[in-house]
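Thanks for sharing this one. Here are a few notes to read with the structure open beside you.

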Amino acid sequence: MEKKIKLLDKTFKPFLSHEEIEKAIDQVAARINADFEGCTDIPVLLCILNGSIMFTAELMKRLTFNCELVSMKLSSYVGTRSTGQVREVMGVTGSLKDRRVIIVEDIVDTGNTIQDLSRIVRERGASEVRICTMLLKPAVYDKDIKLDYVAMEIPNDFIVGFGLDYDEVGRNFRDIYVLDPDPDYHVIDHTMKYYILFGPPGAGKGTQASAMVEKFNLCHISTGALLRKEIAANTKLGLKAKSLIDAGELVPDEVVEGMIEHEFDTVKGVSGFLLDGFPRTIAQAEALDKILAARGEGVTSVVSIMIPDEMIKERIQHRAAIEGRADDASEDTINTRIRTYHEKTEPLIDFYRKAGKYTEIDGTGTIEEVRAKIFTEMDRL
Ligand code: AMP
């Protein structure tokens, strides 16, 4: 494997050799072959441009059943005022109607793209959707969508090569490289950051979180998403939480505190954490202070996205149509969540204001406008 490479203003060091990548692709292709062996239909391999070009080519060479290649590209997010995120499809090269589709991705991190893709592919009439990704960042993946075939899991680092780019360069390398934090360019700050992303339901916390974790190398911990994962997996905890969540009530403090502590203990290789949906009560905030104090750390700051009450419902109802969350579906549940927010969560504003850690951002603009304000604040902090 070659030595370090320089792409534009950044240096990258070797991470995964071509041989390791090929071996992982051999294994994932074998699993797909086993699942599709003897099929009488012609499944579609949907290559997501540009990143998964190399992976799709290598994977396809190894498949032993009849399959068709279709490619497509998604535009980047197009924000529309208060309506959440929308992505547009650019050029699907074949029909997906009544076909079994295997989406082939280069990398899955938070899962936003995969979420959009599976919806789009279903809307185009696919009879079944499976997902195959070369790389997965388990520490930041927070969606409930099942990833059927994962070739390799990696930490939440910025990587290039084998189809993946940095500002459109670096795709041509046959090995995969990771960003080398070059002391000539950056002052390395070893203190872990603990940001709290605060705001009423529907304020856009989840939407903004993906950009924040990427820019500041943070691990996104959404207690809501963690609980939904437990529910999807039918665990004891999930069963206990489901009725409370469906009713718009909070789950017991100790349950979420335990989940948070577990994440702090297990996630490695990040510069800090972005807590989304936690703390939601004063008791949770006090518990968080204790958990962090025991680690010699503390809350860095609270970034609060604020929208007026009348916008909360409008946003949640829009999200219900996109994500299909059970607790977004009924008006009663939404009302209970708003009431719970005012009664139990809003007092945290004063709690963190008094601690000098509270920063408020107007969340009523477009996604991009709100994101820009958040970044300005975080850079300042
Ligand atoms: P969210 O995805 O943040 O809107 O959370 C969905 C639901 O999960 C909430 O309405 C609560 O029922 C539950 N939940 C999430 N985070 C917490 C928390 N910190 N404390 C108690 N319940 C929570």
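1. Phenylalanine 198 is buried, because its relative accessibility is 4% and the cut-off for buried is under 20%. Please keep in mind that this is a predicted model, so this value and the others below are computed from predicted coordinates.

2. What does this ring pair with? Twelve is the figure to start from: the count comes to 12 aromatic pairs. In one of them, phenylalanine 198 meets tyrosine 358 edge-to-face, with 6.5 Å centre to centre and 75° between the planes. Phenylalanine 198 belongs to strand 13 (residues 193-198) and tyrosine 358 to strand 17 (residues 358-362), so this pair ties together parts that are 160 residues apart in sequence. Tyrosine 358 is buried too, at a relative accessible area of 13%.

3. Have a look at phenylalanine 351 and tyrosine 352 as well. Their ring centres are 5.0 Å apart and their planes stand at 80°, so this pair is edge-to-face. Tyrosine 352 is buried, with 2% relative accessible area, whereas phenylalanine 351 counts as partly exposed at 22%.

4. Another spot for aromatic side chains is worth a click: Phe12, Phe158 and Tyr166 form one cluster.

5. Now to the surface. Which residues form a negative patch there? They are Asp309, Glu310, Glu314 and Glu346. Of these, glutamate 314 sits in helix 9 (residues 309-323). Glutamate 314 has a relative accessible area of 42%, so it is partly exposed, and it clears the cut-off of over 30% that patch residues need.

Methods. Residues are numbered from 1 along each chain as its sequence is written. This is a predicted model: local features need pLDDT of at least 70, side-chain atom pairs count only at pLDDT 80 or more; totals for chains, interfaces and linings use all residues. Side-chain values use heavy atoms; hydrogens and water are left out. Patches are made of residues with over 30% relative accessible area and no salt bridge: like charges are joined within 9 Å, nonpolar side chains (Val, Leu, Ile, Met, Phe, Trp, Tyr) within 5 Å. Accessible areas come from the Shrake-Rupley method with a 1.4 Å probe; for residues, only the protein chains shown count as cover. A salt bridge is a side-chain nitrogen of Lys or Arg within 4 Å of a carboxyl oxygen of Asp or Glu. Lys and Arg count as positive and Asp and Glu as negative; His and the chain ends are not counted. The place of a charge is taken as NZ of Lys, CZ of Arg, CG of Asp or CD of Glu. Helices (H or I, at least four residues) and strands (E, at least two) are DSSP runs, numbered from the N terminus. Buried means under 20% relative accessible area, exposed over 50%, partly exposed in between (1.4 Å probe, protein chains only). Rings of Phe, Tyr and Trp (its six-membered ring) pair if their centres lie within 6.5 Å; planes under 30 degrees apart count as stacked, over 60 as edge-to-face and the rest as tilted.
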